[in-house]
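Here is a short walk through a predicted model. Keep the structure in view and follow along from strands to cores to cavities.

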Amino acid sequence: MTSLPEHRTDAIARQIPVRSTYRLQLRPDALTFADARAIAEYLQQLGISHLYLSPILTAAHGSTHGYDVTDPTTVSAALGGPAGFKALSDEVRGRGMGLIVDLVPNHVGVADPRQNPWWWDVLRNGQKSPYAHFFDIDWSSGNGAGGRIALPVLTGENDPAALTVDRSGPEPMLALHDLRFPIAPGTEGENALRIHDKQHYRLVSWKSGLCGYRRYFTVGGLAAIRQEEPAVFDATHRELAAWCEHDLIDGVRVDHPDGLARPAAYLRRLRRLIGPQRLLIVEKVLAEREPLDATLPIDGTTGYDALAELGGVLLDPAGERALTELSWEFAGHGSDHAWFGEQEHRIKRAVAETMLVPEVRRLVAALKRDARSQTCDTMALTNATIEVLSHMPVYRTDYAPLAGTVGAVVAEVARRNSELTAPLQVLVTALAVGGEAATRFHQVGGAMTAKAVEDTMFYRAVRLVSLQEMGADPMRFGCSPIEFHLANAERAARWPATLTTLSTHDTKRGEDVRARIGVLSQVAETWAQAVTAWNDIAPGPDGATTLLLLQNMFGIWPADGRPAAAVPGLRDRVHLFAEKAIREAGIRSSWEEPDIEFEQSVHTWIDTVIDGPVGVELAELVADLAPHAWSDSLAQKLLQLCGPGIPDVYQGCELWEDSLVDPDNRRPVDFTHRNLLLQSLTGTPELDPSGAAKMWIVAYALWLRRERPDCFVGGTYTPLFASGDHAAHLVSYARGRLGESPEVIVAATRHSVGLAETGWADTVLDLPQGDWTDRLTGHTFSGRARMEKLFARLPVALLVR
């Protein structure tokens, strides 16, 4: 265990209430513990109560995200080590703030075996290694590697010939290009291939369908670890226990608990370790209408569910038909409910039969063992299992509210496929045992869903790409204010301390990019005509790719009048996003079999758009719609910041941001610029490209949460509705202390494009009794507030009694 400096005796110090969090994506080259200390004063002045840190344990060299932890027993020296971490904790504690840390319990980084001492020892000593049981390894003789650990690292047919022996260190190692592997004691020699044949591992092609260990989804460089083993939990949580003992942290965010063998049991043990007062948040992707398990000892999720509602309430359902027709015209499908239903089943099956072959093979073997049915036809059982998993409506079903889900799905599969009766009986028998097979069933199901939906379908659907987001349901074209209010009311009552978010390191697009793309729902006919005309001017590589990329380019195109070609890095960012998008979609190209010719045609087309007349017209449309995009950005931000739960601000998002999917959303943030802008704000800013208006709203909302905390976490939530010709263009609610009258009213404009022509006319909002001052403008209202006066300066209002 890492020794912590200056041991404290007051181990159980007063926990600082979490009012808001600010997510920092730590990285050795741009944001270390020392760098975080340097911006602590700025974040304090912004109104943040807690810094929310990405993983801080030792990760792979140069990691810019930290989720590839290579040594769970040490704080990352590259970030500043234990002393730097304690100094950061002391800094924020001295400012009345606190720390939330991101924990990665499901997997460790093994891409470079030398960097992971546990993995290195297992490769060197096999099942005799004291760490052999730490990993979920297939040691069976029928694993395709002769009982050895299959390592899918070979990329070409000639790779085995490239094996050599590296004798430069104290012990010889097998060398494959830049990779090094240990040599078991007593197996040294001169011939690299013969040495390899004597090891506890076997190097295989990454296309072979072999992998000797459970992975994080399909990432061979991340090996899953067995937290269900007490020794593994103790070893991987030793640092966390020390942080709690020394009172350095105020909460924990758990990465991907759905990958664990028994997530509920893990979370109960984790709660006992951190104590009852610290915040415990899980990265849980909830399916449509899937409830969060109230029996779990947690405070909530990382906020994907709120993200979908906050963006969805601003979409205009009137645009659904035109955008669906445009999707049909360009992609050959509507990206709608019918298409998603068919695609999800088909792609899940394809994922199971290709990317997840090793995991499915181990699952089927476990099913046969637990059902004691070794004579069952393996192919039939595999088919039946994949069919059941492909129809699962959620990531995994072993949470309390989902009891009965598996039975219902199996019954429906049996009804549709009578020929699967016998293998389904084996499946049911094995699952009823509740052993290894049941565990693997849930783990494989979650991986299938993630790879098929978020990582594939979200890049194939093209109707309105802002709908394709973590926690969202693209089949639903937004949500109504009534749905929004009921979801908020339930959150306030059941999960008052859950996180809410608009951007994370996992979102497909940043919040302001999504907001701008969402405005297309208000101008669907105009957009459809423009896309059709642009495709005539500069024909795209194919319809679906063209429509997908044009929406994303619209989302990040500069709104300050500069040509896109003049914005540093923008061209390269678009190209990188395009390559990832078309490979994830897996239709014309893929990571496994990249079609270089097609990809080059996409890159050529992107340059044609950026440098040609389409780019000019795209810029004009962006400029015309920019005020409405900013209006929606401010609306969703204020609705989040003052809504039920604890709002998380992703780094840099207090200003307009233009991030796409990772790694684009992990770019370093210019905090100096943000600090100077915060200090210079003296009056209600204009709605312009500077983003000052967004920072103004973020600061005032966070300051209000600090001033009146009881109105927010644990406070009341009351929907408010306007009256008049354009009442539907307002979304509003009130917050207050339990048992008392409301003290805060949030009001936001929706569907502003239509208002630009008509104005608010006679639309009014009847305020509760008292005088109400808008913290954003200083204007005071009472009784019946007219919307054109309430929104005279900004499209949002933050009224305080």
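Strand 1 (residues 21-24) and strand 2 (residues 50-53) run parallel, joined by four bridges. Find Y22 in strand 1: it stands opposite L51 in strand 2. Between these strands comes helix 1 (residues 33-46), and strand 1, helix 1 and strand 2 together make a right-handed β-α-β unit.

Now look at the other partner of strand 2. Four bridges join strand 2 to strand 5 (residues 98-103), and this pair also runs parallel. Here H50 stands opposite G98.

Which way do the side chains of strand 2 point? H50 and Y52 point one way, L51 and L53 the other. In a regular strand, side chains alternate between the two faces of the sheet. All four residues, H50, L51, Y52 and L53, are buried.

Next, the cores. In soluble globular proteins, nonpolar side chains tend to be buried together. The largest nonpolar core in this model holds 96 residues. L24, L46, F85 and W243 have the most contacts inside it. Helix 24 (residues 692-707) gives the most to this core, ten residues. A second core is separate and has 55 residues, among them V462, W534, L549 and L625.

Last, the empty space. A search of the whole structure finds ten cavities of 30 Å³ or more. The largest has a volume of about 130 Å³. Its lining counts 13 residues, with R214, R215, F217, Q443 and A447 nearest the centre. Strand 12 (215-216) and helix 15 (436-460) each give two or more residues to that lining. Helix 15 supplies the largest share, four residues. By type, the lining divides into four nonpolar, five polar and four charged residues.

Conventions:
Residues numbered from 1 in each chain as written. Predicted model: local features only at pLDDT ≥ 70, side-chain atom pairs only at ≥ 80, totals over all residues. Heavy atoms only, no water. 1 Å grid on protein atoms, 1.4 Å probe; cavity = no way out; pocket = protein on both sides within 12 Å on 5 of 7 lines; lining within 4 Å. Points joined across faces, edges and corners; volume = space filled by probe spheres on them. Nonpolar A, V, L, I, M, F, W, Y, C, P; charged D, E, K, R; others polar. Core = buried A, V, L, I, M, F, W, Y, C linked by side-chain atoms within 4.5 Å. Buried < 20%, exposed > 50% of the residue type's maximum accessible area, 1.4 Å probe, protein only. Pairing = 2+ DSSP bridges. Right-handed = clockwise from strand over helix to strand, strands pointing away.
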